[in-house]
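Hi,

Here is the structure I said I would pass on. Have a look at it first, and then read on for what I found.

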Amino acid sequence: QVQLVESGGGLLQTGGSLSLSCLFSGRTSRTFSRHAMGWFRQAPGEEREFVCAISGSGFTTYCADSFKGRFTISRDNDNNIANLRMNGLKPEDTAVYYCVADSASAVSASVARRPWDYWGRGTQVTVSS
């Protein structure tokens with residue numbers, strides 16, 4: 001069983017920056033690098049939206065076009081953590097951000113449509129104007 005626990009959410013003003021972290025644990029924690037990781041978000045009244053994903057090795061990343069240049073995904077395979085760095089935040093970035101993990105390590109251009117195997121409970125990010 002894999003558990004994902006997000007942290008780092010909070011309230012901040014427009015233009016600010018925030019880093020989210022996702023701690024991966026479970027019986028497979030020693031093989032964290034075998035799992036692709038990603039982030040989704042869901043704003044109130046909106047559908048869930050793909051943000052970014054990263055391969056198990058960390059060498060390949062994908063972000064949705066609307067986040068390129070502002071958001072960066074990374075991972076620390078020694079400590080089983082995936083991160084999402086968000087810069088230039090706007091009120092429309094207000095959402096619950098979810099960490100996801102997959103049993104496969106590779107990511108591709110179709111990663112946004114992938115049925116991710118594991119989901120965290122989410123962390124709230126609120127950006128005030």
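Let's start with N80, which sits in the loop between strand 7 and strand 8 (81-86). Keep in mind that this is a predicted model. N80 has a positive phi of about 60°, although it is not a glycine. That caught my eye because most residues other than glycine have a negative phi. Is N80 buried or exposed? Its relative accessible area is 14%, and the cut-off for buried is under 20%, so N80 counts as buried.

Now for the chain as a whole. There are zero helices and 11 strands, so if you read along the sequence you get β-β-β-β-β-β-β-β-β-β-β. The C-alpha trace spans about 40 × 25 × 25 Å along its principal axes. How does the radius of gyration fit with a compact globule? For 129 residues such a globule would have a value near 14 Å, and the chain has 14 Å, so the two agree. Of those 129 residues, 41% count as buried. Many contacts span long stretches of sequence: among those between residues at least 6 apart, 60% join residues at least 24 apart.

A few words on the surface and the charges. The accessible surface of the chain comes to about 6,700 Å², and 46% of it belongs to carbon and sulfur atoms. The chain carries 13 positive and 11 negative side chains. The centres of these two sets lie 5 Å apart.

Next, go to T94, in the loop between strand 8 and strand 9 (95-101). T94 is buried, with a relative accessible area of 18%. What does the side chain of T94 reach? One partner is the backbone nitrogen of V127, at 2.9 Å. A polar atom of the T94 side chain also lies 2.9 Å from the backbone oxygen of P91. Leaving aside neighbours within four places in sequence, T94 is in contact with A43, P44, Q124, V125, T126 and V127. V127 therefore turns up both in this contact list and as the residue whose backbone nitrogen the T94 side chain reaches.

Then there is C63, which belongs to strand 6. Its relative accessibility is 16%, so C63 counts as buried. Which residues does C63 touch, not counting those up to four places away in sequence? They are F50, V51, C52, K68 and F71. If you want a distance to check on screen, C63 and S105 are 42 residues apart in sequence and 16 Å apart in space, C-alpha to C-alpha.

K68, one of the residues that C63 touches, is worth a stop too. You will find K68 in the loop between strand 6 (61-63) and strand 7 (71-76). Here the picture is one of exposure: K68 has a relative accessible area of 53%, and the cut-off for exposed is over 50%. The side chain of K68 makes a polar contact of 3.0 Å with the side chain of D65. K68 and R48 are 20 residues apart in sequence, and their C-alpha atoms are 18 Å apart in space.

To recap the three loop residues: N80 is buried, T94 is buried, and K68 is exposed.

Cheers

Technical notes: Residues numbered from 1 in each chain as written. Predicted model: local features only at pLDDT ≥ 70, side-chain atom pairs only at ≥ 80, totals over all residues. Heavy atoms only, no water. Helix = DSSP H or I, 4+ residues; strand = E, 2+ residues; numbered from the N terminus. Buried < 20%, exposed > 50% of the residue type's maximum accessible area, 1.4 Å probe, protein only. Polar contact = N/O pair within 3.5 Å; in protein donor to acceptor, adjacent residues only side chain to side chain. Rg over C-alpha atoms; globule rule 2.2 N^0.38 Å. Contact = heavy atoms within 4.5 Å. Areas by Shrake-Rupley, 256 points an atom, 1.4 Å probe, with all protein chains shown as cover. Lys, Arg positive; Asp, Glu negative; His and termini not counted. Charge placed at Lys NZ, Arg CZ, Asp CG, Glu CD.
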